[in-house]
Amino acid sequence: MYRFTCAGLCTLAFAANFTMSQEQQPKPKNDGYLEFYYGQSTGGEEWIQSIRMQTPAPGSDVKGDTRVEFTAPGMKVAKAMCWRQPTDEQPSHWGHDSIVAEQFELSADGRGSFVFKADDFPHGPVTLRILTQAADGLKDIYELQLYNAGGVRWNLGIPATDPPAAKGMKLVFSDDFDGPLSISNDGRNARYNAHKPGGGDFSGWQFSNPDHPNRPLRQRDTFLQIAARKTPNDKGSSGLIATVAEDRSGFWAKPPFYAECRFVAHSAPGTWPAFWTVTQMVKAPGDELDIVEAYGGVGKKNPNFVGYSCVTHFWNQFNPDGTPRKAKSARVKTMEIGGKNHFSTTFHTYAVRVDREHTIYYYDDIEVLRHATNDKSLEPHILLINYAIGGISGWQIDLERYNNSTDMYVDYIRVYQGDVE
């Protein structure tokens, strides 16, 4: 993450089944999933920002029946959805998308409301997605992050079983984030460093020390909450954790290894959640494994990105003819595999396995990229988790309608290791 090299940038699109004229009717991109389709590139021209939340405020705690009120000037109809745990009617272990509010008409001045029955949905972080559309086809989506203080406890914490891709390896590092955090400004005398070792923090809203007034790194129930905030008194803050301190102490993943992280984050203009590794603390020849880089935001000047990217960078390394070594990468179209949803819809597990022969990337235990392991990747790796906001990604930060507040919730991280030569 020394510079922006992602192969593509985050797309949010959908086909909605609104009752408008045939000419105005959006065309379905996938007949099996007509609502809130997060997997087709549209260029963003049809997306505008109209929705403004009245209650509850973004990031609020909710419990039981919660009335949601908003305004969307210029919009005609609205609908709301939220990911839900398996039910008798829909028993898939992935969970499923659930309609919270069927399509309804807004008032003449764009006001709308509905009830979110929070107790029927997963405990902890949930993303309530509100869609509106105008008579001329313009549309808006608002991702309302909430914390469900009630609800159903589902699929939380480190699983009792080992991941399939870690077969033959032993657990050497794990954190369920169910106790007090151990993070210091430089990583010394703590489990995590709050900055990238060796320098090079890259977020527009700065990766900040744990004692920053905005409290960017928090422990909530069994989660690490990385809270990105901007107030009138600062230029914005967010958080990063690394497993290695400035003095090189800490945890280094030694190949062969498997590392995974489970999290959910927000898709809004400027959000950039990531889980990654580096084999060096400075810009010496070395490898960077971007296990997941996700880019939020739709509309003009926003990423409009399909799924997320995983990338292996070969920094300061050259081919025999002197040309720079080209990165290996994949755009993971998450609406087409696994549970078929977005990085902001619900929690997902992102992982990499570095063997002596192959480097393999996974999404919810599904292989999404494989290539030959580079020599530099056989060196020890630093692991990093961060929630960047803008910065070297080059994308605009536009979080005003979210009260300049957005969260990434990390459920757990764990690392397995094979026999080291």
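The legends below describe close-up views of a predicted model of one protein chain.

**View 1. The protein chain is built with 26 strands and zero helices.** The chain has 421 residues, and 60% of these count as buried. Contacts between residues at least 6 apart in sequence were examined, and 71% of them join residues at least 24 apart.

**View 2. The protein chain exposes about 16,800 Å² of surface.** Carbon and sulfur atoms supply 46% of this exposed area.

**View 3. The largest nonpolar core contains 71 residues.** Four phenylalanines, Phe70, Phe114, Phe116 and Phe275, have the most contacts inside this core.

**View 4. A second core of 15 residues is separate from the largest one.** Among the members of this second core are Trp252, Val278, Tyr295 and Leu384.

**View 5. The largest pocket holds about 440 Å³ of space.** Its lining consists of 23 residues. Asn155, Arg262, Thr349, Asp364 and Asp365 are the lining residues that lie nearest the centre of the pocket.

**View 6. Three strands each supply at least two residues of the lining of the largest pocket.** These strands are β17, spanning residues 257-264, β22, spanning 348-354, and β26, spanning 405-417.

**View 7. The lining of the largest pocket combines nonpolar, polar and charged residues.** Nine of the lining residues are polar, eight are nonpolar and six are charged. Among the residues nearest the centre of the pocket are Arg262, Asp364 and Asp365, and each of these three belongs to a residue type that counts as charged.

Notes. Residues numbered from 1 in each chain as written. Predicted model: local features only at pLDDT ≥ 70, side-chain atom pairs only at ≥ 80, totals over all residues. Heavy atoms only, no water. 1 Å grid on protein atoms, 1.4 Å probe; cavity = no way out; pocket = protein on both sides within 12 Å on 5 of 7 lines; lining within 4 Å. Points joined across faces, edges and corners; volume = space filled by probe spheres on them. Helix = DSSP H or I, 4+ residues; strand = E, 2+ residues; numbered from the N terminus. Core = buried A, V, L, I, M, F, W, Y, C linked by side-chain atoms within 4.5 Å. Buried < 20%, exposed > 50% of the residue type's maximum accessible area, 1.4 Å probe, protein only. Contact = heavy atoms within 4.5 Å. Areas by Shrake-Rupley, 256 points an atom, 1.4 Å probe, with all protein chains shown as cover.
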